[in-house]
Amino acid sequence: MSLELESISVAFGGFKALDDVTISLKKAEIVGLIGPNGAGKTTCVNIITGFQDPTSGTVMLDGQDINAKAPYDIRRRGLARTFQAGRLFSGLDVLDNLAVTGVGLGHSRRASEDEALRVLSWMGAGHLAELPAAGLPYTDERRVGIARALMFAPDYLLLDEPAAGMSETEADDLAQIIRRIADELNCGVLLIEHNVGLVLSLSNHVYVLDAGKIIEEGDKTEILASQAVREAYLGAEHAPENMEHA
Ligand SMILES: Nc1ncnc2c1ncn2[C@@H]1O[C@H](COP(=O)(O)OP(=O)(O)OP(=O)(O)O)[C@@H](O)[C@H]1O
């Protein structure tokens with residue numbers, strides 16, 4: 001059981017945004033994807049979630065080819081995602097924001113509300129249930145975005161820049177939630193983040209993208225030791241942002 005990107009290439013005209021990218025994620029595992037600006041991380045997200053078709057290569061979800069499947073179909077097959085911006089329905093309260101996802105997945109309204117309460121309380125966010133989504137503090141909005149993705153137990157979760165704009169303490173809280181998602185929910189997490197320290201401290205395995213290619217992969221020790229990674233970021237003498245906190 002795994003999510004596999006197999007030799008994915010994406011060309012925009014003559015420009016290769018992704019070039020032969022292979023990534024593997026198993027259930028209950030945390031896999032990091034890092035890379036400097038323009039490396040191709042968002043293009044990877046769009047390929048995995050069905051928002052864009054690869055020029056060549058395949059995305060396999062538990063042995064099924066999900067190339068060209070619609071985003072809602074991929075979600076129903078067990079792959080959930082969060083968005084960089086919260087994208088909550090501002091006219092609804094938090095509970096209904098989650099319940100809408102449950103109904104979209106084919107569950108009854110009652111079952112969806114029960115699941116929404118269960119997920120929110122699992123995240124320690126039960127107190128947010130009746131608050132309007134509009135005007136939530138930024139980090140609560142982020143937490144609700146993750147809770148919504150966790151409705152009805154996805155097998156894989158793609159987190160797109162979940163720590164963007166967070167303080168160190170908030171990022172620490174987020175790290176605990178990500179760890180629990182993998183350990184307690186048996187869910188595979190693909191973590192795409194600029195906060196390299198957070199990614200290295202959480203991930204079983206990390207892929208480093210630069211200019212559309214995987215230039216390095218391995219565990220924290222291997223990534224920290226990689227000259228190619230340092231050069232890809234800021235020049236050979238510098239470490240990536242937050243790497244020193246890993
Ligand atoms: N629709 C498109 N048409 C042409 N070029 C594109 C398109 N989408 C992305 N690109 C280019 O592909 C490359 C990879 O972009 P992508 O957004 O995937 O990088 P990224 O790693 O997510 O960057 P960032 O960290 O800045 O968000 C960039 O050079 C970008 O300009």
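This report walks through the domains, two helix pairings and the ligand site of one structure. Keep in mind that this is a predicted model.

**Two domains**

Let's start with the overall layout. The chain splits into domain 1, made of residues 2-78 + 154-245, and domain 2, covering residues 85-153. If you take the centres over C-alpha atoms, domain 1 and domain 2 sit 24 Å apart. Where they meet, ten residues of domain 1 touch ten residues of domain 2. On the domain 1 side of that meeting, helix H2 (71-76) and helix H6 (168-185) are the elements that each give two or more residues. H6 has the largest share there, with three residues. What is the mix of nonpolar, polar and charged residues on this side of domain 1? It comes to seven nonpolar, one polar and two charged.

**Helix H3 and its partners**

Now for some helix packing. Two packed helices are described by the angle between their axes and the distance between the axes. Here are both values for two pairs that share H3.

| Pair | Angle between axes | Axis distance |
|---|---|---|
| H3 (94-104) and H4 (109-122) | about 125° | 8 Å |
| H3 and H5 (138-149) | roughly 30° | within 9 Å |

Take H3 and H4 to begin with. An angle of about 125° falls outside the range that counts as roughly perpendicular, 65 to 115, and is not over 145 either, so H3 and H4 are oblique to each other. Their crossing is right-handed. From H3, the contact uses Leu95, Leu98, Ala99, Gly102 and Val103, while H4 brings a list that includes Arg109, Ala111, Glu113, Leu117 and Leu120. Sorted by class, the contact of H3 with H4 holds nine nonpolar, two polar and three charged residues.

What about H3 and H5: how are they placed relative to each other? Angles under 35 degrees count as roughly parallel, and H3 and H5 cross at roughly 30°, so these two helices are roughly parallel to each other. The crossing of H3 and H5 is right-handed. Val94, Asn97, Leu98 and Thr101 of H3 make this contact with Val144, Ala147 and Arg148 of H5. The classes here are four nonpolar, two polar and one charged. Leu98 is worth finding in the structure: it is listed in the contact with H4 and also in the contact with H5.

**Around the ligand**

Finally, the ligand. The residues around it are Phe12, Phe15, Ala17, Gly35, Asn37, Gly38, Ala39, Gly40, Lys41, Thr42 and Thr43. Strand E2 (15-26) and helix H1 (41-48) are the elements giving two or more residues to this shell. Which element gives the most to the shell around the ligand? That would be H1, with three residues. By class, the shell around the ligand has four nonpolar residues, six polar ones and one charged one.

Conventions. Residues numbered from 1 in each chain as written. Predicted model: local features only at pLDDT ≥ 70, side-chain atom pairs only at ≥ 80, totals over all residues. Axes fitted to C-alpha atoms, helices over the stretch in contact; angles between N-to-C directions. Helix = DSSP H or I, 4+ residues; strand = E, 2+ residues; numbered from the N terminus. Left-handed = near helix turned anticlockwise from the far one by under 90°. Contact = placed C-beta atoms within 7 Å. Nonpolar A, V, L, I, M, F, W, Y, C, P; charged D, E, K, R; others polar. Domains from an automatic or database assignment. Near = placed C-beta within 6 Å.
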